[in-house]
Amino acid sequence: MTITYPFPLLEKEINLSVNPTKTELLGAEDLCHEDNERLQSLVSEIKQEELLWSRTALSKALSSTDLKQLYYQNKKPFIAKGNVSLSHCSKGVAAVYSANLEVGIDIETKRNQVLAIAHKFTTKEETALISTNEIDALQCVWGIKESLFKLYGYGDVDFKKHLTITSFHWDEKKSNGWGTAWINSTCKERPLPLQCLVQAAIVNGQYIALASHREPLKPLQSERLELREWKASDASWLHELNSNPKVIQFTGDTGFPSPLEALRLIQTYPNYQRDGFGRWIVIHKKDDRPIGWCGLKKNPWGIDLGFRFFSEYWGNGIATEAAFSTLKWAKAEGLSKIIGRTLSENKASIRVLEKMNMVLTQKLPIDNLYEDSILDPQHMDSGEGQTLNLYELKL
């Protein structure tokens, strides 16, 4: 039975084929040289059919039966344009293709022995992130780590030490979910750790896991500023920024209790991998130090522009310059509308939004500010008598 895309995210950027009908199996003449040699070396007819079935799935994901463009490095499949991954088990096959994202796929059937080997590839804390029964959670963790391993594409990877799931949102009713993970193994070809978006689903008794990695955004440049993605080394200054009561006065945030909590936010921040954008660190070119952040955030109600800076940089056009760079990028990327939200007494932020030609469209009760805050608000009375003003800009 062919399975349609079972994951909640990235359907527009990823083509997936799971268990295509066997009546459409490709033949040896459709395979690349390496796969044809592999097919000829297999004695078992079941194994031969399994190989042809998985390559048929790949042809479906590619929307092309021409697999001669496929080649292998370190047993990892490649094509000239885009990225692919393959997986098979005793009762299923899966293949994935993306033009822009690196990908890894895994498909499994239930194996009770996963309980006995769990200590080798995961921890109780990690498994608990997937809020379902223990067997299903362990199967999903194993599949996610297999998909990360395939995405990485090189050896010397310890599943427990080098592959870490940092957050996960599981939907028990839909039997699927998504989260963030890190590949901390490095090599000459991959000198830096990789953050990935990971997804898992249980469909017809099979466990399917998908890992994807989006290349970091090229830093945005303006006359005085550079905007780039957060790094783990930014945790201390992010903690310092949010520790200033003046800085977070109109935000609904309460700050981070420690740099370690700020680091956790960075490690679990899904926006870059999920959406292709997010809040970016702002570096002042004069002294090459972080002075705040500015960027976009995708919400159920729209994409909003946000910014926050150390108080010593207020009043000299820094926020305006950073916001302009952000909106210039958004327009170039084809985004159609940006929202700005601020409390009615936050005059400085209002001036920045108005300089961006944003138009006031709504005034909402103060409670709306706290609906999607990263940190739980503890001082709602600080906004008493104010409204949450919504601004809009059509690009």
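Start by selecting Ser 44: this residue caps the N-terminal end of helix H2, with a side-chain oxygen 3.2 Å from the backbone nitrogen of Ile 46. Keep in mind as you click around that this is a predicted model.

Next, colour the helix itself, residues 45-62. At 1.5 Å a residue, the 18 residues of H2 should span 26 Å, and the end C-alpha atoms are indeed 26 Å apart, so the length agrees. Then step just past the helix to Ser 63, which takes a positive phi of about 60°.

Now show the side chains of H2. Its buried residues include Leu 51, Leu 52, Trp 53, Leu 58 and Leu 62, and you'll also find Glu 50 and Arg 55 among them. What do the buried residues of H2 pack against? Select strand S1 (15-18), helix H1 (33-41), strand S2 (71-73), S4 and S5 to see the partners.

Stay with S4, residues 83-89. Five of its seven residues are buried, so this strand is largely enclosed by the rest of the structure. Add S5, residues 92-98: the two strands run antiparallel, joined by seven bridges. They form a hairpin with two residues between them. Zoom in on Cys 89 to find its bridge partner in S5, Gly 92.

Last stop, the cysteines. How many disulfides does the structure hold? Zero. Pick Cys 187, which is in no disulfide; the nearest cysteine sulfur belongs to Cys 196, 13 Å away. That is too far for a bond, because a disulfide needs the sulfurs within 2.5 Å. Buried or partly exposed, these two? Cys 187 counts as partly exposed at 23% relative accessibility, while Cys 196 counts as buried at 0%.

Conventions: Residues numbered from 1 in each chain as written. Predicted model: local features only at pLDDT ≥ 70, side-chain atom pairs only at ≥ 80, totals over all residues. Heavy atoms only, no water. Buried < 20%, exposed > 50% of the residue type's maximum accessible area, 1.4 Å probe, protein only. Helix = DSSP H or I, 4+ residues; strand = E, 2+ residues; numbered from the N terminus. Pairing = 2+ DSSP bridges. Expected span 1.5 Å × (residues − 1). Contact = heavy atoms within 4.5 Å. Polar contact = N/O pair within 3.5 Å; in protein donor to acceptor, adjacent residues only side chain to side chain.
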